[in-house]
Amino acid sequence: MDLTKRLRHKLANEHLMFAYRGQVTSDNSVLLLTLLEREMEFSDFSLQGRKRLFMFVLENLQNITRHSSTPVHEMTSMVLYSKTEDGYTVITGNTIRKEDMHGLKGNLEKINSLDPDQIREVYRTMLQDSNIGHKGGAGLGLMEMARKTGNRLDYDFIPIDEEYFYFILSKTVDAGGKGVHSPGDTISFNGRRAMQLERMMKSNKIDFIWAGPLTHDIGKELLSFSETTMHEAELEHNLHKRVFAALIELLQNVAQHSPGFRAERQFGIPVAMIRNTGKSYIITSGNLIRSRDIDHLKQKLDMVNRYDEEGLKLLLRTALMGQDMKEASTGYMGLLEMARRSGNKLDYQFEEVNEDYSYYTLTVRVRVRHSKAGK
């Protein structure tokens, strides 16, 4: 539980709402974009602001899929979304070879030296070049990002070893769709915080973290994103089903106890996280809960944890037959299903926030079941 608490504080301090560490593909790029779109339904961004931000994200993700390198130490790509008073910030990170870094840095320096009118002129010239226009490329994509948002691109190159660098690209876009960056600001962007989060996620085997409202639509996009990444990882079918089912129940459990978005925003935003240790998938949710509901919920959790797999099957069958539907209507069946699907006890914790609210963290571990033939 200490990891979840540390992450909550880090996410809150840095205004992060989403962090993904893993391969960026053409399939999950669409879902990464849709997830941001669903969250923006809570913002006052103009249509133009949304379109420009989405364009930046899409171009950025496409650049990663085209130009990212994967070194042997498996430092993989990363996508971060955050929300501040200035607007939305999108940060991406990916590995590149040292020989590719110099050309990319030169492109970025050139772009950042131009004013908006010059950027538009250079962009038109690049489009008229048949080789660039036909093949595309990182230079054209970067120029398009700068052209649409009308301001410079923040970036950093962090050395990994003698052959590779970690390339971090960042952009903050305001509600009108303009890049947030003072023209007179000479302070260089520093990707240290993003790199620290990448290393923290790597050391703790974290695939993704969501910190923000968990509406039906956002939950649906998180499930779609998780399902796509599991398909791409070629998980064994039964493991895929059990992880997906546990995640569904966990997200529904958050919705079951939500005291409302206003209270969550003030006292504790919901969190959902998936970790992959290789031996198991560890799925964690955290959410605000009314303190008066804790005793009843704790009784249900403790009762579910008293039963083994066979006992859980019998308990679930009893509930489904209608002999315990009062309990089922208060989320009891969801807890039963999580424990049954995972084959493990439910790990939980309640942290007091104030007299009215506590923060409820629930973790379920879905272990990889090796077949006899594979032993």
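# Exercises on a ten-stranded sheet

The chain of this predicted model exposes about 18,800 Å², of which carbon and sulfur atoms supply 46%.

**Exercise 1.** Determine what share of the residues counts as buried and how many helices and strands the chain has.

*Solution.* Begin with the elements: the chain contains 15 helices and ten strands. Next, consider burial, for which the cut-off is under 20% relative accessible area. By this criterion, 51% of the 375 residues are buried. Finally, turn to the contacts between residues at least 6 apart in sequence: 75% of them join residues at least 24 apart.

**Exercise 2.** Establish the order of the strands in the sheet, and explain why one side of β4 and of β9 is left without a neighbour.

*Solution.* The ten strands form an open sheet with antiparallel pairing, and their order is β4-β5-β3-β2-β1-β6-β7-β8-β10-β9. The edges are held by β4 (154–159) and β9 (347–352); each has a single partner strand, so one side of each lacks a neighbour in the sheet. Between neighbouring strands, the average turn is 15°, with direction ignored.

**Exercise 3.** Describe strand β3: is it mostly covered or uncovered, and which strands pair with it?

*Solution.* Step one concerns burial. Strand β3 spans residues 88–97, and nine of its ten residues are buried, which leaves the strand mostly covered.

Step two concerns the pairing with β2 (residues 78–83), which runs antiparallel to β3 and is joined to it by six bridges. Within this pairing, L80 has I91 of β3 as its bridge partner, and Y81 stands opposite V90 in β3. Four residues lie between the two strands of this hairpin, where G87 adopts a positive phi near 145°.

Step three concerns strand β5 (residues 164–173), whose antiparallel pairing with β3 extends over ten bridges. Here G93 has I168 in β5 as its bridge partner.

As background to these pairings, side chains in a regular strand alternate between the two faces of the sheet.

**Exercise 4.** Identify which strands are touched by helix α4 and which strands helix α10 lies across, and state the angles.

*Solution.* Take helix α4 (residues 98–112) to begin with. This helix packs on the sheet and touches β3, β4 and β5. The direction of α4 makes about 160° with that of β4.

Then take helix α10 (residues 237–257), which lies across β7 (271–276), β8 (280–290) and β10 (357–367). Helix α10 runs at about 10° to β8.

How values were computed:
Residues numbered from 1 in each chain as written. Predicted model: local features only at pLDDT ≥ 70, side-chain atom pairs only at ≥ 80, totals over all residues. Heavy atoms only, no water. Buried < 20%, exposed > 50% of the residue type's maximum accessible area, 1.4 Å probe, protein only. Contact = heavy atoms within 4.5 Å. Areas by Shrake-Rupley, 256 points an atom, 1.4 Å probe, with all protein chains shown as cover. Pairing = 2+ DSSP bridges. Axes fitted to C-alpha atoms, helices over the stretch in contact; angles between N-to-C directions.
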